[in-house]
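Work through the following exercises on chain architecture and sheet topology. Each task is followed by a stepwise solution.

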Amino acid sequence: MNENRIKIVEKILNANERIAEQNRRRLDASGTYGINLMASPGAGKTTFILATIDALLDDNIQIGVIEGDTAPVTIDSDKISAAGMPVVQINTGGECHLDALMVEGALDQLQLETIDLLIVENVGNLICPAAFDLGMHSKIVIASVPEGDDKPYKYPNIYRGLDVLIINKIDLLPYLDFDMGYFSKGVEMLNPDVKIFAVSSKTGEGMDRWHDWLKAKLTMRA
Amino acid sequence: MHELAVTESILEIACKYAENAKATRVTDIYLVIGNLSSIVDDCVSFYWDMISKNTVCENAKLHFKRIPATLTCLDCNQQYTLDGELTPCPHCHSPKVRVISGDEFNLDSIEIQR
């Protein structure tokens, strides 16, 4: 080989992945279970988080939330604060995704040892967040039925490597031409082992199965 | 969409290796990118020209080697290459498939002047 050619073979996002791994170890040390929650804008991420907080109130589970937003507005974090849970907002300054370094900074602002469950609400986007590991324990995507049943085929990266898929706004199914079979086939193709919960955060339909899954996860770690 | 962050990482890694090799200039950068990575080559090149200015990598040429997406069927174990849209196994039509290549996203090598 040409002596001026230097072989490197390094993952381009290696730096992000190293910090993500540190984040994961930090959460492990404090006994906190971390979730990276991703979805398109308007899929119902914040409403879903609020409904989850509400349902777990009686179980004495302390939940912390990191809110990723591209604009410096506190609409989402105000709602979480109003629900009485610690929240840290990350303004990405126009960036289309959260990365592990931003989350590391947010972790510094939370009392992790008091938090059982940490939900990171990623920036609403089906493309970029898929490329950045944040150092959480599970990746969850919320797909809402008004987005259409073809999304797993059009945005395969975000639908890959998922632990849980939430199909939200199922109360709207009677008004839409959403083919659940076609949608599920696309998701199954990318993740044969994914857990799927069809819910309506608004009416509460189907949410108990999701809460049971989450509580079982938290109990396993405790 | 996230090409700026990605391009910054490429620059950081290339500069680090160039410095270690005591290079005066980096002339070429070889990237290996799987077809499943949602990266637009032109967009990386666009940012590259902007952010590599006044670094050892200024004017270095980016070379993109694309790796096709290959899937393996979990039911019949046959492999197939994706040509565009995600499709079930063409042999047995099972939707249970696993990606085995196409996720690559590496800086393979650089060429320098000393």
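Two strands pair if DSSP finds at least two bridges between them; helices (H or I, at least four residues) and strands (E, at least two) are DSSP runs, numbered from the N terminus. The model is predicted: local features need pLDDT of at least 70, side-chain atom pairs count only at pLDDT 80 or more, and totals for chains, interfaces and linings use all residues. Residues are numbered from 1 along each chain as its sequence is written, and chains are lettered from A and ligands numbered from 1 in the order in which they are written.

**Exercise 1.** Determine the strand order of the open sheet in chain B and identify its edges.

*Solution.*
1. The open sheet of chain B comprises 3 strands in the order 4-3-5, with antiparallel pairing.
2. Strand 4 (79–81) and strand 5 (97–101) of chain B are the edge strands, each pairing on one side only.
3. Strand 3 (residues 70–73) of chain B pairs with strand 5 of chain B over 4 bridges, in the antiparallel sense.
4. Within strand 5 of chain B, B:Val99 is the bridge partner of B:Leu71.

**Exercise 2.** Establish the order of secondary structure elements in chain B and why the chain is more spread out than a compact globule.

*Solution.*
1. Chain B contains 2 helices and 6 strands, arranged along the sequence as α-β-α-β-β-β-β-β.
2. The radius of gyration (taken over C-alpha atoms) is 18 Å for chain B, whereas the globule rule (2.2 Å times the number of residues to the power 0.38) gives 13 Å for 114 residues; the chain is therefore more spread out than a compact globule.
3. The C-alpha trace of chain B spans about 55 × 25 × 15 Å along its principal axes.
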